[in-house]
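This briefing introduces the structure shown below to a reader who has not met it before. Please keep the sequence and the model in view while reading.

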Amino acid sequence: MELASQFLSICFSAEYSISAAAIAIISIGFMVLGTICLLLSFNKRMDYFLKPAGMFFIFSGLCIIISVEVMRQSVKRMIDSEETIWIQYHYSWSFTCAISAFVILFIGGITLLLISLPRMPQNPWETCMDAPPEHV
């Protein structure tokens, strides 16, 4: 019976690791799509690509933080199990790098969204309807 419970705990830990890795790969895909949109907006002066780029970077940051939390829960479950005895543990440098990547991607995505917003009216009574048309 003990062998079966040990096997199940190993399988659950592996499933957590696989799901965290899959979420991290999805995050890399969002980063690639955001970078493509960002390069297109700079290359051809198509500013409307800044908004999707910002959203892709925000989604990528959220996927990273979800992946880190899944891995943290997996480690916590392994430490709390009765088969292992841990005196102390600490997070490695990769945990710090993942949290830093989340912060950079999230702030960068919000910055791109703010840059892509339309300009504010110059006069307080000016609205979008009665503003003079901009000539490009």
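In this predicted model, the largest nonpolar core is made up of 11 residues: C37, L38, L50, A53, F57, I64, V68, A98, F102, L105 and L112. Helix 1, helix 2 and helix 3 are the elements that give two or more residues to this core. Helix 2 supplies the largest share, with 5 residues.

**Residues of the core**

- In soluble globular proteins, nonpolar side chains tend to be buried together.
- L38, one of the residues of the largest nonpolar core, belongs to helix 1.
- Neighbours within four places in sequence aside, L38 makes contact with L50, A53, F57 and L112.
- The C-alpha atoms of L38 and L50 are 6.0 Å apart in space, while the two residues are 12 residues apart in sequence.
- I64, also listed in the core, touches S27, M31, A98, A101, F102 and L105 when residues up to four places away in sequence are not counted.

**Overall architecture**

- The chain has 3 helices and 0 strands, and its elements follow the order α-α-α from the N terminus on.
- Helix 1 covers residues 2–43, helix 2 covers 50–80 and helix 3 covers 93–116.
- Of the 136 residues in the chain, 19% are buried.
- Among contacts between residues at least 6 apart in sequence, 71% join residues at least 24 apart.

**A buried and an exposed residue**

- S27 is found in helix 1.
- Is S27 buried or exposed? S27 is buried, because its relative accessible area is 1%, and a residue counts as buried under 20%.
- Beyond its neighbours within four places in sequence, S27 is in contact with S60, C63 and I64.
- I107 lies in helix 3 and counts as exposed, because its relative accessibility of 51% falls in the range over 50%.
- I107 and F57 are separated by 50 residues in sequence and by 8.9 Å in space, C-alpha to C-alpha.

**The largest pocket**

- Rolling a probe the size of a water molecule over the atoms shows where empty space is left.
- The largest pocket holds about 330 Å³ of space.
- Its lining consists of 17 residues, and those nearest the centre of the pocket are V68, M71, R72, S94 and F95.
- V68 also appears in the list of residues of the largest nonpolar core.
- Which elements each supply at least two residues of the lining of the largest pocket? They are helix 1, helix 2 and helix 3.
- The largest share of this lining, 6 residues, comes from helix 2.
- By residue type, the lining divides into 11 nonpolar, 5 polar and 1 charged.

**Confidence of the prediction**

- The average pLDDT of the chain is 80, and 76% of the residues score at least 70.
- Among the elements of the chain, helix 3 has the highest mean pLDDT, 92, and helix 1 has the lowest, 77.
- Residues 3–8 have a pLDDT below 50, and this stretch has 0 contacts in the model beyond near neighbours in sequence.
- Where pLDDT is low, the predicted coordinates should not be read in detail.

Conventions:
Residues are numbered from 1 along each chain as its sequence is written. Side-chain values use heavy atoms; hydrogens and water are left out. On a 1 Å grid over the protein atoms alone, a cavity is a set of points where a 1.4 Å probe fits but cannot get out, and a pocket is an open set with protein on both sides within 12 Å along at least five of seven lines; lining residues have an atom within 4 Å of a point. Grid points are joined across faces, edges and corners, and a volume is the space filled by probe spheres set on the points. Helices (H or I, at least four residues) and strands (E, at least two) are DSSP runs, numbered from the N terminus. Ala, Val, Leu, Ile, Met, Phe, Trp, Tyr, Cys and Pro count as nonpolar, Asp, Glu, Lys and Arg as charged, and the others, Gly among them, as polar. A nonpolar core is a set of buried Ala, Val, Leu, Ile, Met, Phe, Trp, Tyr and Cys residues joined through side-chain atoms within 4.5 Å. Buried means under 20% relative accessible area, exposed over 50%, partly exposed in between (1.4 Å probe, protein chains only). Contact means heavy atoms within 4.5 Å. pLDDT is the predictor's confidence in each residue, from 0 to 100.
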